[in-house]
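I opened this notebook to get my bearings in a structure I had not seen before. I want the overall layout first, then a few single spots.

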Amino acid sequence: MLGGKNSKTNMFTPNKGFTFKTPAPAGPSGLRIEHRVGIQAPADVIWDILYDVEHWAEWNPLYVQAAGQIRIGNQLDLTMVIGDEPPTVIHPVILEWVPNDQIHWRLKMMGGLISTTRFLEIEVLDEAACIFSNGEIFGGLMGPSVGKRMGRKIYRGFEAMDAALKERAEAVWHAQGGKPTSDS
């Protein structure tokens with residue numbers, strides 16, 4: 001309840017506008033699009049596939065051509081295909097990476113009017129069970145509107161990449177003699 005006109009808990013006053021009682025959360029802001037998938041393979045198997053950018057074209061339907069090395073400050077050269085859109089060549093810069101855990105990169109387009117932060121993250125659930133989070137945060141002046149316009153296609157692209165990564169990682173794990181963590 002906002003309280004009465006003279007109450008100190010009133011969130012809106014004509015002189016001050018809106019006030020918030022807690023600070024905004026830290027981290028990137030903007031429109032977030034994310035897909036997550038469970039993978040029955042250890043984090044190091046998933047990581048080896050992600051880290052090997054030069055071979056992404058063999059399995060990755062979202063990035064059909066890829067070159068570069070996962071190193072902070074390095075630029076990747078990626079050809080991205082989203083739905084029925086024409087292929088787009090992008091040159092993101094690696095922000096951070098942690099083996100068996102995450103890769104984050106930033107892409108700026110149109111002089112920074114569109115700025116995205118891309119994340120590929122592995123969450124370990126068990127020795128051979130992980131959740132893979134694949135997403136992007138759209139910032140900058142025009143980023144959120146571009147993300148909203150392209151959101152469904154981008155989500156489907158993440159979904160396709162996740163399915164391909166799951167299939168490849170589970171096949172590698174099985175070929176190495178690994179067993180699923182459950183019968184389901």
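**Order of elements.** I read the elements off from the N terminus, and they run β-β-β-α-β-β-β-β-β-β-β-α. That gives two helices and ten strands in the protein. I keep in mind that this is a predicted model.

**Whole protein.** How much of the protein is buried? I looked it up: buried residues make up 38% of the 184 residues. Next I checked the contacts with a separation of 6 or more. Residues 24 or more positions apart account for 50% of these. The accessible surface comes to about 10900 Å². Carbon and sulfur atoms hold 56% of that surface.

**Strands β4, β5 and β6.** I followed the pairing from β4 onward. β4 covers residues 63-67. Its partner β5 covers residues 77-80, and the two run antiparallel, joined by four bridges. I then asked which residue stands opposite Ala66 in β5. I found Leu78 there. β5 also pairs with β6, residues 88-90. This pairing is antiparallel too, over three bridges. Leu78 turns up again here, with Ile90 as its bridge partner in β6. So I can step across from Ala66 to Leu78, and from Leu78 on to Ile90.

**Val53.** Where does Val53 lie? I located it in the loop between α1, residues 43-51, and β4. Is Val53 buried or exposed? Its relative accessibility is 1%, and the cut-off for buried is under 20%, so Val53 counts as buried. I then listed what Val53 touches, leaving out residues up to four places away in sequence. The list is Ala66, Ala67, Gly68, Ile70 and Leu76. Ala66 I had already met, opposite Leu78. For Leu76 I also checked the spacing. Val53 and Leu76 are 23 residues apart in sequence. In space they are 8.6 Å apart, C-alpha to C-alpha.

**Met109 and the surface.** Last, I turned to the outside. Met109 lies in strand β8, residues 102-109. Its relative accessibility is 31%; partly exposed runs from the 20% cut-off to the 50% one, so Met109 counts as partly exposed. Which residues form a nonpolar patch with Met109 on the surface? I noted Met110, Leu113 and Leu141. Together the four have about 390 Å² of accessible area.

**Page summary.** I leave with two spots marked: Val53, buried in its loop, and Met109, partly exposed in β8.

Notes: Residues numbered from 1 in each chain as written. Predicted model: local features only at pLDDT ≥ 70, side-chain atom pairs only at ≥ 80, totals over all residues. Heavy atoms only, no water. Buried < 20%, exposed > 50% of the residue type's maximum accessible area, 1.4 Å probe, protein only. Contact = heavy atoms within 4.5 Å. Areas by Shrake-Rupley, 256 points an atom, 1.4 Å probe, with all protein chains shown as cover. Patch = residues over 30% accessible without salt bridge, like charges linked within 9 Å, V, L, I, M, F, W, Y side chains within 5 Å. Salt bridge = Lys/Arg side-chain N within 4 Å of Asp/Glu carboxyl O. Pairing = 2+ DSSP bridges.
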